[in-house]
Amino acid sequence: MCIVYQEIRSFSPGSGDRVRPRGHIATDAASMDLSGTWRFRYSARPDLAPEGASDVDHDDADWDDIVLPCHWVLQGRDDWGRPAYTNVQYPFPVEVPDVPDENPTGDHRLTFELPEGFVPDGGRVFLRFGGVESLCIASLNGIRVGVVRGSRLAQELDVTAQLQPGTNVMHLRVHQWSAHSYLEDQDQWWLPGVFREVELLARPAAGIDDVWLRADFDPETGEGLLIPELVADAAAFPITVALPGLGVAATYASPEEVEALPVGEVDPWSADRPTLYEAEVTNAAETRTLRVGFRRVEIVGHEWLVNGTKLRIRGVNRHEFDPDHGRVFDREKAREGLLLMKQHNINAVRTAHYPPHPEFLELTDELGFWVIDECDLETHGFVFDDWQSNPTDDVRWRDALLDRVERFFERDKNHASVICWSLGNEAGTGSNSAAMAAWLNRRDPERPVHYEPDHDGTHTDLVSRMYATVEEMADMSQGTGAPEEGAPGRNAVLAGRPMILCEYAHAMGNGAGGLSVYEEAFDTLPQWHGGFVWEWRDHGLRHTTSGGQEFNAYGGDFGEQVHDGSFVCDGMVLSDGTPTPMLAEFAAVASPIKLDVWENAMLVENRRHDGDTTDLRFVVVDEHDGRVVSEVEVDLLPVGPAGDSGIVELPDAAQPEAGQAWRTVRAELARDTAWAKRGHVVAFAQVQTHTVVESRTAKPAGEAPAIGGSGRITLGPAVFDARTGDLTSLREVALEGPRLDLWRAPTENDVLGDFPSYVDVEPAASRGAGAPGPSSADQWREAGLDRLQRRVLAVDVRQDGVRVLHRFAPAASQQSVLLELFWQMRDGELVLSADAQPSRGWKGTWPRIGLHFLLPTGLGHVEWFGTGPNESYPDSKQAAVVGRFGGDVEDLVVNYAVPQESGHRGGLRELSLPDLPLLLRADEVNGERPGFQLRAHSAHEVAAAAHPHELPTSTATHLLIDAAVHGLGSRSCGPDVRPEYQLRPRAAQWSLRFTAE
Ligand code: GAL
């Protein structure tokens, strides 16, 4: 077999003069970033790759240019292969260690000048790869220097012998597929290429090769202890370790003398207060600089503590992703993402599912995040064969896996923000994963090891689950329940350990709902420390239709043979970074400052990890019918230290003359911080203080309707069709409706049904969700909710108004809903009293009970008095407050990668459509107010479109006045809508008034 194929199918972690894994630490030694324009040749198969491409004099004149770092499939060249998305399944036949012959191969060549004096006297030069997917065969000046494997792991090769003064030629042959692709089956795009920097590092003779500054903080004494580990030849000594900010320095004359350095009192590092100290490690040859955060991570019983305080993770899973550049890192964009997280009360990141670019961890140290750093490992595709031949339990992979864990640990070990090591994701368990954990335990006795597949806790320190229901969490906490794999008594063993949800609340499309249920579980079940939402960002790739329309491409959009569709778009922010409503919901639910407001008092709970509330100001805003009448700041003694709470009196709220009075308290930043400006709202709470009971009495109807010519009925400004009873115009504006609507364009949580549902589970028979049943969308279609037929039962023109009775029912069904509409004129207003009355026999859930009106197209700005500013659903409404809001119709729905239901806003009082003009008032009936949705497309049009650009030209604006809607849930990957947030078939009532503006 030819040598190339041997490399492709090799289990080896890499070859060549590989440098022992080291930390990524700044140095004053010279380096050369080889990023920039290289020559590039794409070949669809290795055997088509140019022969002799690594030869110094190889003629690359007919090659192309490529700018590194990049993924070659994202360069807009259709002849350079295409991205491919799969979740669990491998995109090639599973026959370890072989991969397809069709193995896209990129040859990269760079001719560069080595600056004079670059190679230190007696020193070395290392070639560092930050990340290459997936196999890189590197040559320098025609000589092979090594083979690099492990796509998102750093690797250094000693190239001193091959480097030459003056002109050098580097050649990298990168194969998209290799045996190591079996270890890299993460749920993401397959994106080949040199996507992180390639650098040359000058290593001075007797330099300081590596440094680990462990920085312990003793919460009892408040003192820090620096424990240096210096990797350097004996000749490199003496070495000085200094923390200038603390006035501490020690010089060690020899390796034997290196010892821990007490630094006295220090400010500890935490995600809330990320205090860092500059450290310098110097000798005659080199100075290395890094930032040190003092903190102690420990597990005591079932508590995971940092600096003696139990952690509370409010986290997200974060992939490295950019819609144009894939996994190529951009420091500024990464920082922007982290700022957005901080602004939404996110305090933790799991680097799913591989180590990020090293600079990312500099940012998390600096801005303050608890980080679970995860190794580059996933073999999920083996699940289909019951984990047979799985690499984590196959000794042939042992070296490769131990090499991976060593490389990721050593690179990142100095970061204060990293408080836990994760072996990888969804790679099953076995002796190799146990060996990885054992290696970490010895190397870093402090930080715990995480690995979710270790459900039995055989070799990890944290108990971790994905997408568990709160019932399962409670069972685990109590040590009871029947674990799904039938390991009786397992929960009893695990209950003595700390627990996290490494993934929960699947943010795919509209959702996930139910965050506050988890929040309560995290707050009340002692072993639970919080969780990481799946996931931060959609991974749609910016793409253009043949007609030139831009869209976010997902699985299948590049013609993949097998793919997992839009499952790659499941973030709290869209592909371009736009926040979805779930992010605001998360911020409201997860705020560590909890406010409970009554009319004259407020409880402030400080649930931060540390720090009091002196950074906050508390502003009380009173509104009457949504209009601000006063805004005052209240004085509040600092609530602290963290864990404390305080009650403060609030000034009296003025009684409104009419309508409702609402009081909102906002906890705002009192000063600019590193992550948000003064005035940024950290927490809020709202309470209704007064309601003046409306004096409107059931006055007799005013104007009587009249039957006009051509089958019309007129009532005040309204015209109805005399046959159907439909409203056809109002004050000369063409309208249509209302019809009863029980359907919504399914969300992706409605569409996917692999996870269990609470629907139709016998409450007594199960503690949680039952067996998977049909998806909600299938159940709704089966019930015919998307194809209700209407029959007009009556249109009565009476002295006191127009009474209409419609029956709605699907074909082949006896179930129906009667809709009774009673139109009257009262006090110059057109009043609609509507009642929906279901027949017996409906099962399951309904997505909505709405009145559907068709309005003219092209409506612009609208205003409403109700809840906002974002949409809200029964299990996702903590971010919604009552007030007056405005927006353009097109902005009222979210532009998800897959069009779906969105934009429902509950608690409607008034809706003003100035373009018509029309003012619609919704009165409370039976303690309930409807919500509304305005959208340029019908639910059917939305449901039929797989991408936004497939939506047809709008023919109407669809106004839904929903008496009730179904929750969102998280069933695209996780629990369905909980029973308390489901909409079960039921009767509904509306009281609406229509007036001119
Ligand atoms: C998890 C997995 C993630 C992602 C998620 C669903 O099982 O760890 O990588 O696939 O499901 O989006």
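Guide: A residue is near a molecule or strand if one of its heavy atoms lies within 4 Å of it. This is a predicted model, where local features need pLDDT of at least 70, side-chain atom pairs count only at pLDDT 80 or more, and totals for chains, interfaces and linings use all residues. Residues are numbered from 1 along each chain as its sequence is written, and side-chain values use heavy atoms, without hydrogens or water.

Visitor: How many residues surround the ligand?
Guide: Look at the shell around the ligand. The closest residues are D187, H353, E426, E503 and H506. The full count is 13.

Visitor: How many residues of that shell are charged?
Guide: Asp, Glu, Lys and Arg count as charged; Ala, Val, Leu, Ile, Met, Phe, Trp, Tyr, Cys and Pro as nonpolar; the others, Gly among them, as polar. The shell holds 5 nonpolar and 4 polar residues. Its charged residues number 4.

Visitor: How far is a polar side-chain atom of H353 from an oxygen atom of the ligand?
Guide: A polar contact is a pair of N or O atoms within 3.5 Å; within protein, one must be able to donate a hydrogen and the other to accept it, and residues adjacent in sequence count only if both atoms are side-chain atoms. N425 has a side-chain N or O atom 2.8 Å from a ligand oxygen. For H506 that distance is 2.6 Å. For H353 it is 2.6 Å.

Visitor: What share of the ligand's accessible area does the protein cover?
Guide: Accessible areas come from the Shrake-Rupley method with a 1.4 Å probe; for residues, only the protein chains shown count as cover. On its own, the ligand has 310 Å² of accessible area. The protein covers 95%.

Visitor: Where does E426, one of the closest residues to the ligand, sit?
Guide: Phi of E426 is positive, near 45°, though E426 is not a glycine. E426 counts as buried because its relative accessibility is 18%, and buried means under 20%, exposed over 50%, partly exposed in between (1.4 Å probe, protein chains only). Its place is in the loop between strand 30 (418-422) and helix 5.

Visitor: Is D625 buried, partly exposed or exposed?
Guide: D625 lies in the loop between strand 39 (616-624) and strand 40. Its phi is positive too, near 50°. At a relative accessible area of 23%, D625 is partly exposed.

Visitor: How many residues of helix 4 are buried?
Guide: Helices (H or I, at least four residues) and strands (E, at least two) are DSSP runs, numbered from the N terminus. Helix 4 runs over residues 398-412 and reaches 22 Å, close to the 21 Å expected at 1.5 Å a residue; the expected span is 1.5 Å times one less than the number of residues. The buried ones include A400, L401, F408 and F409. Helix 4 is largely enclosed by the rest of the structure, because its buried residues number 11 of the 15.

Visitor: Which residue caps the N-terminal end of helix 2?
Guide: Helix 2 covers residues 331-343. At its far side it is followed by N345, whose phi is positive, near 65°. At the N-terminal end, a side-chain oxygen lies 3.0 Å from the backbone nitrogen of E332. That oxygen belongs to D330.

Visitor: Which helices do the buried residues of helix 2 pack against?
Guide: Those buried residues include A334, G337 and L338. They pack against strand 27 (313-317) and strand 28 (348-350). The helices they pack against are helix 3 (358-367) and helix 9 (581-590).

Visitor: How far apart are the C-alpha atoms of G315 and N347?
Guide: G315 is in strand 27, and it counts as buried because its relative accessibility is 0%. Beyond four places in sequence, its contacts (heavy atoms within 4.5 Å) include I346, N347 and F586. G315 and N347 are 32 residues apart along the chain, yet their C-alpha atoms are separated by 5.8 Å.

Visitor: Which side chain does R443 meet at 2.6 Å?
Guide: R443 is in helix 5 (residues 431-443). It is buried, with a relative accessible area of 17%. One polar contact, of 2.7 Å, joins its side chain to that of E229. The polar contact of 2.6 Å joins it to E410.

Visitor: What is omega for the bond from G640 to P641?
Guide: L68 and P69 are joined by a cis peptide bond, with omega about 0°. P641 is in the loop between strand 40 (627-634) and strand 41 (645-649). The bond from G640 to P641 is also cis, with omega near 5°.
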